[in-house]
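Hi there,

Here is the structure I promised to pass on. My notes follow below it.

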Amino acid sequence: MDALVVRRPRFLVVGGGYAGMMAALRLASRDAGEVTLLDASDVLVERVRLHEALALGRDVTHPLAELVLGTGITLLRGKAVHLAARYASLEDGRTLPFDFAVVATGSQIARRLPGAAHAMPLEHAPMSTLRPALLALAQRGGRVVVLGGGLTGLEVATELGEALPGLGVTLVTDRITPALGEGAQRHVRAALDRLGVTLTLGRVETLHADAVAMEGGEKVAFDLALDCAGFAPCTLEGVRKVDATLRTEAFPNVAWAGDCARTDATETSPVHAGCKTAMPLGAHAADVVLALSRGEEPPVFRFRDTGYCVSLGRHDGVVQLAHADGRAMTFVGGRTAAWIKERIVRYTVASLRWQRSGHDYRWMRIPVRAQRPDGTERVTS
């Protein structure tokens with residue numbers, strides 16, 4: 001009598017960014033089954049370092065093949081355009097069957113500003129043309145406008161101001177990111193002033209080919225405009241609102257992670273887009289589909305935010321500490337903050353390699369409080 005052959009579960013991870021790579025490596029390290037990682041690119045881009053690539057010419061990519069080396073993960077190049085219950089459809093007509101999937105397609109510059117076509121988005125793809133253009137502009141005293149006062153815009157503007165002093169840099173935004181408290185915002189404004197970056201506060205009416213038209217009539221002329229005004233999720237069918245286990249009713253065998261998902265989990269700090277949430281979400285998504293493959297109850301996502309960090313050139317920065325609900329606490333500035341920020345950024349890729357070696361990635365969680373029968377409180381992390 002022939003022996004019964006039991007097929008191993010097939011796991012598909014869509015997206016090779018911070019969340020997707022973490023999910024694939026976690027599944028592989030648990031020997032969960034056959035793991036396939038699908039991405040349209042063959043590199044992981046450290047988006048938290050794109051301002052360094054722009055201003056300093058640094059390579060901020062890591063080959064996917066190197067990150068998954070020795071794990072047994074199957075790498076596939078392609079773009080998923082549709083998801084069904086048990087397969088994904090690719091742009092080139094292929095279909096990929098799966099039993100369980102993690103979708104982590106990430107995000108891109110939103111391009112929401114009127115006339116945004118006149119600005120270049122801060123993405124890795126145009127970097128080969130952007131940096132030479134910036135160097136040429138710096139040599140002849142050209143003008144660059146950075147659109148957006150979030151963390152990305154601040155890092156781009158200050159990095160350019162420090163690395164290319166011949167460049168006229170203007171940061172255009174309606175406000176400096178509210179994620180930073182009043183003291184941290186004052187520190188940011190002082191850094192912009194020290195680095196020669198002009199801050200123009202107000203709402204953008206529209207972009208023209210050579211100037212930003214502000215509400216109220218002011219115009220800010222430029223030779224090159226960089227769009228850093230927010231991100232939008234790259235998803236198959238719109239951003240996914242997921243439950244506390246990172247799933248939807250329509251796809252109970254799929255977990256969604258990273259910037260393409262929004263969770264209504266109650267045992268977390270606010271879950272904003274970014275690598276600080278993408279990696280915990282990716283790791284948890286892997287735990288969810290692994291539990292499903294074993295017939296177990298999927299775990300609930302828990303996350304405890306600690307704040308934000310932003311570099312202001314190579315020798316300055318802000319580390320904004322925060323309460324669990326996101327309210328700003330104290331902050332650290334200057335060289336100490338720059339040092340901390342660099343270590344945090346290094347930790348992202350180091351964590352992926354750590355997970356690849358079989359050591360589980362961990363993150364801070366809001367404690368779960370439960371009452372014992374005797375009325376005392378039990379707290380678990």
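In which hand does helix 1 pass helix 7? The crossing is right-handed, a term used if the near helix is turned clockwise from the far one by less than a right angle. Before going on, note that this is a predicted model, in which local features need pLDDT of at least 70 and side-chain atom pairs count only at pLDDT 80 or more, while totals for chains, interfaces and linings use all residues. Residues are numbered from 1 along each chain as its sequence is written, and side-chain values use heavy atoms, without hydrogens and water.

Helix 1 (residues 18–29) and helix 7 (residues 275–293) have axes 7 Å apart and pack at about 35° (axes are lines fitted to C-alpha atoms over the stretch in contact, with angles from 0 to 180 degrees between N-to-C directions; helices are DSSP runs of H or I, at least four residues). Among the residues in contact (heavy atoms within 4.5 Å) are Met-22 and Leu-27 of helix 1 and Gly-282 and Leu-290 of helix 7.

Helix 7 also gives the most to the largest nonpolar core, with 11 residues. That core has 60 residues (buried Ala, Val, Leu, Ile, Met, Phe, Trp, Tyr and Cys joined through side-chain atoms within 4.5 Å; buried means under 20% relative accessible area, with a 1.4 Å probe and protein chains only). Leu-12 and Trp-256 are among those with the most contacts inside it. Beyond four places in sequence, Leu-12 touches residues including Leu-38 and Phe-98. Another core, of 36 residues, lies apart and includes Val-60 and Leu-154.

Enjoy exploring!

Conventions:
Helix = DSSP H or I, 4+ residues; strand = E, 2+ residues; numbered from the N terminus. Buried < 20%, exposed > 50% of the residue type's maximum accessible area, 1.4 Å probe, protein only.
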